[in-house]
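Notebook open, coffee poured. I'm going to look up a handful of things and jot each one down as I go.

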Amino acid sequence: MTRFWTGKGDDGTSGLLYGGREPKASPRFEAVGSVDEAQAAIGVARAEVQRGSELDVILTGLERDLWVLMAELATDDANREKLIPGGSLVTAEMLTAVETAIDEIGARFELPREFVVPGQDRGSALLDQARTIVRRAERAAAAVPVDGSYVVPYLNRLSSLLWTLARWVEVEPLPARR
């Protein structure tokens, strides 16, 4: 029988990717935890989406990108050379893909000219909630700076993409989930 627990974290530390341990309350693990929460929030929004739809594909891709981002955050600076671009290291191409999605989706409708009050419908409200969690993750990741990393820019663009997706869903309501 496979165990799903080790007890190693009972001392208040967590393991880093490629070795080492750090206090669970460290800025690094605060950032990892916030990104994990953001990924789960995107998953909740995705649960409202029709499987295989364009939005489902976009959100699934973003969730997978956040695995990569968490791997990078959970790696000690001394082990960064072991990270794999696109697998455990956020790349410029990943950032560009998010920027392209913002532009492509945003071109499909007229953007609001005033502040948006979240809650127009369930789908957009869940995307807005995910956006705010991503913003918190961005602030937490900024406390763990690494020269040349795309983690903070990626999270910054991701929040913009989630805002854009929420506005898109308000204009084009989600089809019934099947």
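What volume does the largest pocket have? I get about 170 Å³ for the largest pocket. A reminder to myself before going further: this is a predicted model.

**Pocket lining**

I then looked up what lines that pocket. There are 15 lining residues, and the closest to the pocket centre are Ile58, Leu62, Ala97, Ala101 and Leu161. By element, helix 2, helix 3 and helix 5 each give at least two residues to the lining.

**Core**

Next I went for the largest nonpolar core, which has 46 residues. Which of them touch the most other members? My list reads Leu155, Leu162 and Leu165. I noted the elements that put two or more residues into this core: helix 1 (27-46), helix 2 (54-73), helix 3 (92-106), helix 4 (122-142) and helix 5 (151-171). Helix 5 has the largest share, with 10 residues.

I picked Leu162 for a closer look. Skipping neighbours within four places in sequence, I find Leu162 in contact with Ile42, Leu59, Leu62, Leu127, Ala130, Arg131 and Val134. Leu62 in that list is a residue I had already written down among the closest to the pocket centre.

**Rings**

How many aromatic pairs does the structure hold? Zero, so that entry is short. I did find a charge over a ring, though: the charged end of Arg3 sits over the ring of Trp5, 4.0 Å from its centre.

**Ser124**

Buried or exposed, I asked of Ser124? Ser124 is in helix 4 and counts as buried, at 0% relative accessibility. Leaving out neighbours within four places in sequence, I have Ser124 in contact with Ala166, Arg167, Val169 and Glu170. I also checked Ser124 against Trp5: they are 119 residues apart along the chain, and their C-alpha atoms are separated by 36 Å.

**Thr91**

I looked up Thr91 in the loop between helix 2 and helix 3. Thr91 has a relative accessible area of 12%, and because the cut-off for buried is under 20%, Thr91 goes down as buried. Apart from neighbours within four places in sequence, the contacts I listed for Thr91 are Pro85, Gly86 and Tyr150.

**Arg46**

Arg46 belongs to helix 1. I read a relative accessible area of 22% for Arg46, which makes this residue partly exposed. Which residues is Arg46 in contact with, leaving aside its neighbours within four places in sequence? I wrote down Arg51, Asp56, Leu59, Thr60 and Glu63. Leu59 appears here and in my Leu162 contacts too. From Arg46 to Ser160 I get 17 Å, C-alpha to C-alpha, with their places 114 residues apart in sequence.

**Tyr18**

I stopped at Tyr18 for its backbone: phi is positive, about 70°, although Tyr18 is not a glycine. Where is Tyr18 found? I place Tyr18 in the loop between strand 1 (13-15) and strand 2 (21-23). Its relative accessible area is 34%, partly exposed.

**Leu111**

Last entry. Leu111 is in the loop between helix 3 and helix 4. I have Leu111 as partly exposed, with a relative accessible area of 41%. Leu111 and Asp65 are 46 residues apart in sequence, and I get 26 Å between them in space, C-alpha to C-alpha.

Terms used. Residues are numbered from 1 along each chain as its sequence is written. This is a predicted model: local features need pLDDT of at least 70, side-chain atom pairs count only at pLDDT 80 or more; totals for chains, interfaces and linings use all residues. Side-chain values use heavy atoms; hydrogens and water are left out. A nonpolar core is a set of buried Ala, Val, Leu, Ile, Met, Phe, Trp, Tyr and Cys residues joined through side-chain atoms within 4.5 Å. Buried means under 20% relative accessible area, exposed over 50%, partly exposed in between (1.4 Å probe, protein chains only). Helices (H or I, at least four residues) and strands (E, at least two) are DSSP runs, numbered from the N terminus. Contact means heavy atoms within 4.5 Å. Rings of Phe, Tyr and Trp (its six-membered ring) pair if their centres lie within 6.5 Å; planes under 30 degrees apart count as stacked, over 60 as edge-to-face and the rest as tilted. A charge sits over a ring if NZ of Lys or CZ of Arg is within 6 Å of the ring centre and within 35 degrees of the ring normal. On a 1 Å grid over the protein atoms alone, a cavity is a set of points where a 1.4 Å probe fits but cannot get out, and a pocket is an open set with protein on both sides within 12 Å along at least five of seven lines; lining residues have an atom within 4 Å of a point. Grid points are joined across faces, edges and corners, and a volume is the space filled by probe spheres set on the points.
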